[in-house]
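Colleague: Could you walk me through this one? I'd like to start with a single side chain and then move on to the sheet.

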Amino acid sequence: MPPNRPDKIKVVIGTDVVTSKKRSEMMAGIKGKNTGPEMIIRRALFREGFRYRLHDKKLPGKPDLVLCKYNAVVLINGCFWHGHSCHLFKWPKSRPEFWRDKISDNKVRDVRNIAALTNSGWRILTIWECALKGKHRRSLDDVISKTSSFLLSDNSFRTIEYKSK
Ligand SMILES: [Zn+2]
């Protein structure tokens, strides 16, 4: 189950039982930044010698990682928020219309951002949360080696997701 769903955590945020550091981490989670898979991938890429800018406001959709040297952006997508068709995605039982609109808006925005980035000449790697989380996850080495080979290639697109049998 995606950990950052606001309907699951807003109750906790409204109280003073968490420290302000913890609370700001949780708020960061709500905005979709500095989430688990993103931090894992960032750290691993940095270790491999790749350098990147984070959430560049000048680019459509503020891509998670921007690697100018490789003319590439990396989008690290939560499967719930971005409506991935995978085993991690489940419609919430409450407020179905709200979530249908929300997820559908997010998907439309993703398509628009990817088109705009492509038109500006950026190469795009999308890494889905399920690549690193859940029962069909890949090893981190696998994800990083696929990422690295995309960055060093001339390919325009690549997607890394859960391991299908
Ligand atoms: Zn997924």
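Colleague: Leaving out close sequence neighbours, what does Ile 40 touch?

Modeller: Not counting residues up to four places away in sequence, Ile 40 touches Leu 132 and Leu 140, where contact means that the C-beta atoms, placed from the backbone, lie within 7 Å. This is a predicted model, in which local features need pLDDT of at least 70 and side-chain atom pairs count only at pLDDT 80 or more, while totals for chains, interfaces and linings use all residues. Residues are numbered from 1 along each chain as its sequence is written.

Colleague: How far apart are the C-alpha atoms of Ile 40 and Leu 132?

Modeller: They are separated by 9.1 Å, although the two residues are 92 apart along the chain.

Colleague: And is Ile 40 buried or exposed?

Modeller: Ile 40 is partly exposed, with 16 other C-beta atoms within 10 Å; buried would take 20 or more, and exposed 12 or fewer. Ile 40 sits in helix H3, residues 36-47 (helices are DSSP runs of H or I with at least four residues, strands are E runs of at least two, both numbered from the N terminus).

Colleague: Now the sheet: what is the strand order?

Modeller: The sheet is open, with 5 strands in the order S1-S2-S3-S4-S5 and mixed pairing, where two strands pair if DSSP finds at least two bridges between them. Strands S1 (53-54) and S5 (157-160) each have a single partner strand, so one side of each is left without a neighbour in the sheet.

Colleague: In which sense do S4 and S5 pair?

Modeller: S4, residues 123-128, pairs with S5 in the parallel sense over 4 bridges, and Thr 126 stands opposite Thr 159 in S5.

Definitions and conventions:
Contact = placed C-beta atoms within 7 Å.
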